[in-house]
Amino acid sequence: MTSETAMINSVIPPADFVKRAARLGAEIRNVRLSGDLPDQMIAAINSALLEHKVIFFRDQGHLDDAEQERFALRFGNLVPHPTIGATKGTASILELDSAFAGSRVDLWHSDGTFVEAYPKITVLRAVVIPPFGGDTIWSNTAAAYLHLPSPLQQLADNLWAVHTNNVRVRASASEADNKYFDEIFTRTIYETEHPVVRVHPETGERALVLGYYAQRFVGIPKYDGHKLFDLFQSHITAPENTVRWNWKEGDLAIWDNRATQHYAVNDYGSLHRVVRRATVNGDVPVSVDGRLSVGRLKAIK
């Protein structure tokens with residue numbers, strides 16, 4: 001039994017703790033989330049997060065933006081999106097409304113990796129959920145590294161990648177999406193060099209750092225870089241390394257953004273979907289040989 005499991009069992013009855021997949025994901029039942037939860041419960045949720053990477057809660061319809069942030073604040077200081085900011089005067093709440101451009105993030109990514117100290121934790125609340133579709137899938141980037149063949153682990157340990165928000169827009173992007181990308185998402189352009197393998201500051205696990213914002217490898221030609229990206233990313237998103245959540249209104253998910261990627265499935269057509277996220281400030285990643293990520297560029301258009 002791990003220390004995290006012992007902490008969870010000491011606070012949460014086993015019947016209220018349900019694993020959702022072998023390599024990541026668990027649901028905690030019969031807990032009413034708020035900023036006033038006892039320290040022991042917060043510690044148990046954090047232990048569950050470190051072990052299972054993403055934790056789900058049903059029936060949290062009592063939460064509003066302020067109380068969602070009060071709960072998220074128990075895990076660290078809140079930080080808004082670097083370019084979009086926060087909505088409605090909150091500290092970090094970002095609303096993703098499918099009716100507006102840029103809100104359907106059907107791309108594998110970790111939140112905000114184009115900056116140095118990207119968020120360590122994301123807290124996402126379901127506000128409006130369509131009658132079908134709109135699931136989110138998470139992958140475990142620590143398990144992906146652990147299950148790499150040893151020669152590929154050694155290769156990854158020595159690679160660095162440049163992450164940027166100045167990413168390519170899909171050929172199928174609408175005029176509104178292109179406008180959103182040009183005027184809002186990239187009004188400040190960031191580039192950061194991250195190690196492809198970071199050492200988790202709390203668990204000591206090694207986790208792969210890639211996803212949509214990783215645009216090129218340092219010192220690797222473009223063609224070879226594409227092959228390497230596809231190789232490592234395919235291990236991250238292998239089906240056995242994922243968990244899928246079917247949202248209901250009032251659900252809340254909290255995940256370790258340092259050891260996961262996620263993908264919002266865009267399979268609900270013109271139906272309406274609204275989720276709101278709060279993000280907890282993270283630390284600068286450290287490579288296996290002790291080097292820190294480095295910001296290369298911050299430029300305002």
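I looked first at how β4 is held, and in this predicted model four bridges join β4 to strand β15 (residues 274-280), the two running antiparallel; strands here are DSSP runs of E of at least two residues, helices runs of H or I of at least four, both numbered from the N terminus, and two strands pair if DSSP finds at least two bridges between them. Within this pairing, D97 stands opposite V274 in β15.

I then noted that helix α2 (residues 39-52) packs on the sheet and touches β1, β2 (26-28), β3 (54-57), β5 (121-128) and β13 (252-256), where contact means heavy atoms within 4.5 Å. The direction of α2 makes about 130° with that of β3, with axes fitted to C-alpha atoms, for helices over the stretch in contact, and angles running from 0 to 180 degrees between N-to-C directions.

On conventions, residues are numbered from 1 along each chain as its sequence is written, and side-chain values use heavy atoms, with hydrogens and water left out. Local features need pLDDT of at least 70 and side-chain atom pairs count only at pLDDT 80 or more, whereas totals for chains, interfaces and linings use all residues.

I next searched the whole structure for aromatic pairs and found twelve (ring centres of Phe, Tyr and Trp, the last by its six-membered ring, within 6.5 Å; planes under 30 degrees apart are stacked, over 60 edge-to-face, the rest tilted). F114 and F185 form an edge-to-face pair, 6.0 Å centre to centre with 75° between the planes. This pair links F114 in the loop between β4 and β5 to F185 in helix α6 (residues 175-185), 71 residues apart.
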